[in-house]
Amino acid sequence: MTDWVVQAKDLVKTYMMGEFEVQALRGVSFNIKRGEVVSIMGPSGSGKSTMMNTLGCLDRPTSGEYILDGESVAEMNDDQLASVRNRKIGFVFQSFNLLSRLTALGNVELPLRYAGMSEGRRAKAQAALEAVGLKDRMTHRPYELSGGQQQRVAIARSLVNDPAIIMADEPTGNLDSKVGKEIMSLLLNLNKERGTTLIIVTHDPNIAEQTQRVIRLRDGELDSIT
Amino acid sequence: MTFAQALLEALESLNGNKMRSGLTVLGIVIGVAAVIAMLAVGNGAQASITGSISSIGTNLLFVFSGSPESQQGPGGPGSGRSGNNIKPLTLSDANAIADPFAAPSVEQVAPTLEGNALLTFSGENTTATLTGATPEYFSVRNLQMAEGEFINSEHILGRMSVVVLGPEAAISLFGRADGVVGETIRIEGQPFRVIGVLVARGGGAFGSEDNSSYIPFTTAQSRLIRRGARDQVDVIYVQAVSAEAVPQAVEEISSIIRQRHRTPVGFDDFTIFTQADFLTIFESITGVLTIFLGGIAGISLLVGGIGIMNIMLVSVTERTREIGLRKALGARKKDILLQFLTESSLLSLIGGIIGIMFGWLIAYIVGQVAIASGTNFVPIVGTDAIILSTSFSAIIGLFFGIYPASRAANLEPVEALRYE
């Protein structure tokens, strides 16, 4: 029996845009193995963002089943979803999304704070920052760091809780190609070392090439899995 | 997330926008300071008036002619009947009250005739209250002599033309309040020898009691203050044996006068006022004044609270992305709620603390100004005012924080993250 970390079955998501009903996902099914590196691709309007929000437990599907790391999350309430996000998912965003008031360490500690952890929080955050190569930048604030360093802080933040999956939304989109490559190899290395499942949402074929599987979406339906 | 962490984060966040936080706090500072200062002024006024009433003598009673009912004016209940049958108070009434067997709770009785008179001294003239008094009046009213002596029984028996002046009346006539004993002034054209000057009592609850003059009761009766009936008196001042005996004294005096005047049951033709009655009246007046001042100040506190709500709403909108991120990282609704409520409460709490100090300062300055201008008035910053305004400002922080905070807590993470 395969160890699936993501099991998505017949995911449907519909929005009301004014008076019109928009179907962003029209019954998408796929599974992702633990430790796998998968990219999700598709042109804009293909349901790519909706898929990422659903997989990231930021939103519930209208219908269908989604089992994340053994937990069925489709029917959970807001606070339960918050808890699942906190324990099982790490987010890496295109625009880093660091809090400018906090130091790098403070930003990385944030998920641990919401997990209710008080002792050992600092040490764990320091270890995560060391793992992304920012040992000597811990007390810097985001505006004192370069774009690549900021994204490293964000990656440290995403893995500090030892999540089941890391959701990366265009992680290199705001970086130049050289720094982008560094960030990609960091993500892939962390996957190799820690075995954390990595899901990258991107439209960049060069990035998709580096992943083991590519899930392509078109008009809210599964186009292909390669 | 623990409360201590929320507090720390709130401090960091408020510190990050010093100007805005400062201005928001200022609204609360002004509100709380206004409440504290206004209540202090109100309480001070109350204490000052209460004090001056108490200085008249705590066991003093006033007996007037006329019933409370008939004072309601024509057409009032009972006015037709009792109004026609009012018998004036007389000297014999006063003597009856002074009888220690009939009224054991009564210490001393001082009947008076009261009016106003024109006093003149070598071209200077002034109008002052003129009281026809007996020797008992001196101790019943707690008077003190600055110089000379008060009216004694010889003056009464001889219907002598002597006068005791209040300090203000003395200054109006002589330009000074000492060394005037032995001078002769004219009261309504008749010569009177000055035998004493009283110690100043300050502005009392009934206007200045220092602009006054006192002549022997018998002299007033026969020469200056003529009343319709013989032996009639205007006010009988009664001193009870103690403050506790005042209600008992009221009972005794009432039954004596009822008997003597043969008043029908329930239709007294006289009124007895006690110190407690005056205190109650003035306390209710100053109480209304205090509530009024506090209410106006409270409005400014309310405005400060609306300022907090306004700023918190702006802050929530500004930090939509931050809220979305925090939710993505696992913040629950109550975490976000706590975060924003802590910020708004902190704003109002800081404002409250500064406001208390500021209000205290204002009250102190008002007190200093009052002392400098010679008024006996000390604003009182009560613990009740401090507790009231602190809790009020904390409640305002919470109340006006709830709406913005719940708006933040209920943001959809997807929407919030997408917000530019």
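## Close-up views of a predicted two-chain model

**View 1. Helix α9 of chain B and its buried residues.** In α9(B), the buried residues are B:Val246, B:Ala249, B:Val250, B:Glu252, B:Ile253, B:Ile257 and B:His261. Here, "buried" means that 20 or more other C-beta atoms lie within 10 Å of a residue's own; 12 or fewer make it exposed, anything in between makes it partly exposed, and C-beta atoms are placed from the backbone. Please keep in mind that this is a predicted model, in which local features need pLDDT of at least 70 and side-chain atom pairs count only at pLDDT 80 or more, while totals for chains, interfaces and linings use all residues. Residues are numbered from 1 along each chain as its sequence is written, and chains are lettered from A and ligands numbered from 1 in the order in which they are written. Helices (H or I, at least four residues) and strands (E, at least two) are DSSP runs numbered from the N terminus.

The partners packing against the buried residues of α9(B) are β1 (60-65), α4 (91-98), β2 (106-121), β11 (235-240), β12 (270-274) and α10 (275-318) of chain B. The helix covers residues 246-261, and its 16 residues should span 22 Å at 1.5 Å a residue, which agrees with the 22 Å between its end C-alpha atoms. That expected span is 1.5 Å times one less than the number of residues. Just after α9(B) comes B:Arg262, with a positive phi of about 50°.

**View 2. The two sides of helix α6 of chain A.** Helix α6(A) runs over residues 177-194, and its 18 residues reach 25 Å from first C-alpha to last, close to the 26 Å expected at 1.5 Å a residue. Its buried residues are A:Gly180, A:Ile183, A:Met184 and A:Leu187. These residues cover an arc of only 100° around the axis, which puts them on the same side of α6(A); the arc is that of the directions from the helix axis to the C-beta atoms. Turn to the other side of α6(A) and you will find A:Lys178, A:Ser185, A:Asn189, A:Lys192 and A:Glu193, which are exposed. The cover over the buried residues of α6(A) includes α5 (147-159), β7 (165-169), β8 (197-201) and α7 (205-209) of chain A. Just after α6(A), A:Gly195 has a positive phi of about 75°.

**View 3. Positive phi in two loops of chain A.** Most residues other than glycine have a negative phi. A:Glu170, in the loop between β7 and α6 of chain A, has a phi near 45°. This residue is partly exposed, with 19 other C-beta atoms within 10 Å. A:Asp219 sits in the loop between β9 (213-218) and β10 (221-225) of chain A, and its phi is near 50°. With 13 C-beta neighbours inside 10 Å, A:Asp219 also counts as partly exposed.

**View 4. Helices α1 and α12 of chain B, crossing at roughly 65°.** The axes of α1(B) (residues 3-15) and α12(B) (residues 333-372) come within 9 Å. Axes are lines fitted to C-alpha atoms, for helices over the stretch in contact, and angles run from 0 to 180 degrees between N-to-C directions. The crossing is right-handed, meaning that the near helix is turned clockwise from the far one by less than a right angle; an anticlockwise turn would be left-handed. From α1(B), the contact residues are B:Ala6, B:Leu7, B:Glu9, B:Ala10, B:Leu11, B:Ser13 and B:Leu14, and from α12(B) they are B:Leu338, B:Gln339, B:Thr342, B:Glu343, B:Leu346 and B:Leu347. Two residues are in contact if their C-beta atoms, placed from the backbone, lie within 7 Å.

Look for B:Ser13 in α1(B): with 20 C-beta neighbours inside 10 Å, B:Ser13 counts as buried. Not counting residues up to four places away in sequence, B:Ser13 touches B:Glu343 and A:Arg101.

**View 5. B:Gly401 in helix α13 of chain B.** This helix covers residues 383-409. B:Gly401 is buried, with 24 other C-beta atoms within 10 Å. Leaving aside residues up to four places away in sequence, B:Gly401 touches B:Ile308, B:Met312, B:Phe340, B:Leu341, B:Ser344 and B:Ser345.

**View 6. Where chain A meets chain B.** Here 18 residues of chain A are in contact with 18 residues of chain B. On the chain A side, α2 (78-88) and α3 (104-114) each supply at least two residues, and α2(A) gives the most, with 6 residues.
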